[in-house]
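This report covers annotated spans, packing and one surface patch. Please look over the sequence and the structure before reading on.

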Amino acid sequence: MSFVQTYRKPKVFGLTVLGALVLGALAGWLGKGTWLAPVLAKIGSTFTALLQLTVIPLVFTAIVVGIASLRNLGGGRTAARLGGKTFLWFAITSFIAVLIGLAVAAIVKPGAGLQIEPAAGAVDKLAKRASGSWQALLDNLVPTNIFSAFTEGEVLQVVFIAVLVGFAAYALGEKAAPFTNLVRSFFDIVQKVVGWIILLAPIGIFGLIGNAVASYGNSFVRPLFSLILAVYVGTLLVLFVVYPILLKFVGKTSPLEFFRKAGTAIQFAFVSRSSGATLPLSRKAATDLGVSQEYANFAVPLGTTTKMDGCAAVYPAVATIFIANLFGIQLSVWQYVGIVVVAVFGALATAGTTGWYTMLTLTLSVVGLPPQVIATGVAVVYAIDPILDMIRTATNVAGQITVPVLVARSENLIEEPAVAEKDLVNA
């Protein structure tokens, strides 16, 4: 077996990723303030740019192919039932995740007693940025120009277009077969390109982690340690307690087997900070766990854009309480209820690379914090966002794999998991 074939095996690749994490952290620690820091930053940014290049075409083609694939599972009622169950489990797990976020924040009390003053320029810059709101979400949902949605990287609009096109292709059936086959071929091509990019992950991870350590391993992080601790504890409880319990008792799936087969996707999500770029690995993990190919093609891409327990549930809850504590604001019971409602019904707002910002500002607005408090608070948490985003994204991706397993089990769409170990590119 050649070196390349060995390297592509998930176990070998996973160990290589872990090695890159350790070496990157060491390089960042040693290279802080030297010529090595900008080199690490350039490596990381180049890898991220390659990943983002594929997100829009990957999301569009995956959703269209996924919806069209539902025809192979039965009629319209079956498709509606599968879609309904999928969204129901999205809501249930978001509800559990936000309650955990609130509970952890109540115990840790992040931000209490701190005196932090962000740079005025950062506050002004974020104050001018469009904040999340229900009106903005609805206004930005439907594009005025189909092509601009793709060229400007408006992920939510691309999802809307993809859903319309997918259901139109589903309704037309055989008449749309040539179009569906074309999109499926394009989807396969994009996946192949993503597979090649993923093989560069250890190099990209080396740069991303190194840059994070070199940039954020300073005295500014220490005052925000309570926020970091609360976010990590909350997301890890969801990742290693909530999901395993649901998998064991609802999905009838071994949690150890889940993490063995989904581990590479979760690791990659942690360092890449992109659910979209992790989509091929997430879809492969779901099918390896026995989810039928047709349903996985629908549920995993949909979850990639709307299922964000890390970004849309745990994090907004913890960060909102952190900002309130930072300014000595006591939240009422109804404000806590508002946080829960936004987490359950506002997850769609997280689609895209800046979804965390939209979701956080939407939550802060619903809670009713003053605009200046929102701008200042977001400027504070923004400084360490890459550190928080890694665990948020890993939790997102784990949920995006967990829910299809739960629904597939309830619908008898679980097949015998593949025994053969496929490589990462040809999966």
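## Annotated spans

How far apart do the end C-alpha atoms of residues 155-172 lie? They lie 25 Å apart, and the span is 100% helix and 0% strand. The model is predicted.

Residues 12-30 are likewise 100% helix and 0% strand. Here the end C-alpha atoms are 27 Å apart. An unreviewed UniProt entry places the feature "transmembrane region" at both spans. The entry also places it at residues 50-74, 86-108, 193-213, 225-246, 333-356 and 362-384.

## Nonpolar cores

The largest nonpolar core has 119 residues. Those with the most contacts inside it are Ile205, Leu227, Phe268, Tyr295, Phe322, Leu369 and Ile401. Helix α19, residues 385-410, gives the most to this core: 13 residues. Apart from this core lies another, of six residues. Met308, Cys311, Ala312 and Leu362 are among them.

Take Ile205 from the largest core. Leaving out residues up to four places away in sequence, Ile205 touches Val17, Ala20, Leu21, Gly210 and Val271.

## A nonpolar surface patch

A nonpolar patch of about 850 Å² lies on the surface. Its residues are Phe225, Leu229, Val233, Leu236, Leu237, Phe240, Val241, Ile245, Phe249 and Val250.

Val233 is found in helix α11, residues 225-249. Why can Val233 count toward the patch? Patch residues need over 30% relative accessible area. Val233 is partly exposed, at 33%, so it passes that cut-off.

Definitions and conventions
Residues are numbered from 1 along each chain as its sequence is written. This is a predicted model: local features need pLDDT of at least 70, side-chain atom pairs count only at pLDDT 80 or more; totals for chains, interfaces and linings use all residues. Side-chain values use heavy atoms; hydrogens and water are left out. Patches are made of residues with over 30% relative accessible area and no salt bridge: like charges are joined within 9 Å, nonpolar side chains (Val, Leu, Ile, Met, Phe, Trp, Tyr) within 5 Å. Accessible areas come from the Shrake-Rupley method with a 1.4 Å probe; for residues, only the protein chains shown count as cover. A salt bridge is a side-chain nitrogen of Lys or Arg within 4 Å of a carboxyl oxygen of Asp or Glu. Helices (H or I, at least four residues) and strands (E, at least two) are DSSP runs, numbered from the N terminus. Buried means under 20% relative accessible area, exposed over 50%, partly exposed in between (1.4 Å probe, protein chains only). UniProt positions are given in the numbering used here, feature names are shortened, and annotations may be inferred rather than shown by experiment. A nonpolar core is a set of buried Ala, Val, Leu, Ile, Met, Phe, Trp, Tyr and Cys residues joined through side-chain atoms within 4.5 Å. Contact means heavy atoms within 4.5 Å.
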